[in-house]
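This briefing concerns the packing of a protein model. Please consult the sequence and the structure shown below while reading.

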Amino acid sequence: MVSEVRIRVPLDILSLISDSLKNKLSELELEIKVAKERIRRFEEKYGMDSDSFLKKYEAGSLGDNEDFVAWYGELMFLKEAEREYEKLKMVIEDIHRGLSK
């Protein structure tokens with residue numbers, strides 16, 4: 001669900017907000033890249049893609065191996081980080097549309 005909020009903000013402050021959000025976007029890009037690399041290493045180590053791993057892990061057929069718990073955590077983190085990235089990107093685009101009016 002998307003909520004819309006309208007506030008009056010001086011343009012110079014809006015620019016600062018936009019810059020801060022862009023910095024957060026850059027941080028998320030790096031975090032996503034690191035998570036993907038960790039996931040790739042798990043896939044190589046165990047010879048299975050993450051979709052297959054998730055099915056087996058969620059069915060309980062892999063046990064409580066520390067690596068599997070970490071792999072699952074990385075996948076959940078990646079999913080949330082990518083969702084946050086997309087939302088933040090939309091907000092930044094909305095701000096730029098507002099600045100260009």
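The points that follow cover the nonpolar core, the aromatic residues and the surroundings of one serine.

The model is predicted. Its largest nonpolar core comprises 20 residues, and helices α1, α2 and α3 each supply at least two of them.

**Nonpolar core**
- The residues with the most contacts inside the largest core are Phe53, Trp71, Leu75 and Leu88.
- Helix α3 gives the most to this core, namely 9 residues.
- Leaving out residues up to four places away in sequence, Phe53 touches Met48, Leu62, Phe68, Trp71, Tyr72 and Leu75.

**Aromatic residues**
- The structure contains 7 aromatic pairs.
- One of these is the stacked pair of Phe42 and Trp71, with 5.7 Å centre to centre and 15° between the planes.
- Because Phe42 belongs to helix α1 (residues 11-46) and Trp71 to helix α3 (residues 66-99), the pair ties together parts that are 29 residues apart in sequence.
- Both Phe42 and Trp71 are buried.
- A single aromatic cluster is formed by Phe42, Tyr46, Phe53, Tyr57, Phe68, Trp71 and Tyr72.

**Serine 50**
- Ser50 is located in helix α2, which spans residues 50-59.
- Ser50 counts as buried because its relative accessibility is 9%, and the cut-off for buried is under 20%.
- The side chains of Ser50 and Glu43 make a polar contact at 2.7 Å.
- Neighbours within four places in sequence aside, Ser50 is in contact with Ile39, Glu43, Trp71 and Leu75.
- Among these partners, Trp71 and Leu75 also appear among the core residues with the most contacts.

How values were computed: Residues numbered from 1 in each chain as written. Predicted model: local features only at pLDDT ≥ 70, side-chain atom pairs only at ≥ 80, totals over all residues. Heavy atoms only, no water. Helix = DSSP H or I, 4+ residues; strand = E, 2+ residues; numbered from the N terminus. Buried < 20%, exposed > 50% of the residue type's maximum accessible area, 1.4 Å probe, protein only. Polar contact = N/O pair within 3.5 Å; in protein donor to acceptor, adjacent residues only side chain to side chain. Contact = heavy atoms within 4.5 Å. Phe/Tyr/Trp six-rings, centres within 6.5 Å; stacked < 30°, edge-to-face > 60°. Core = buried A, V, L, I, M, F, W, Y, C linked by side-chain atoms within 4.5 Å.
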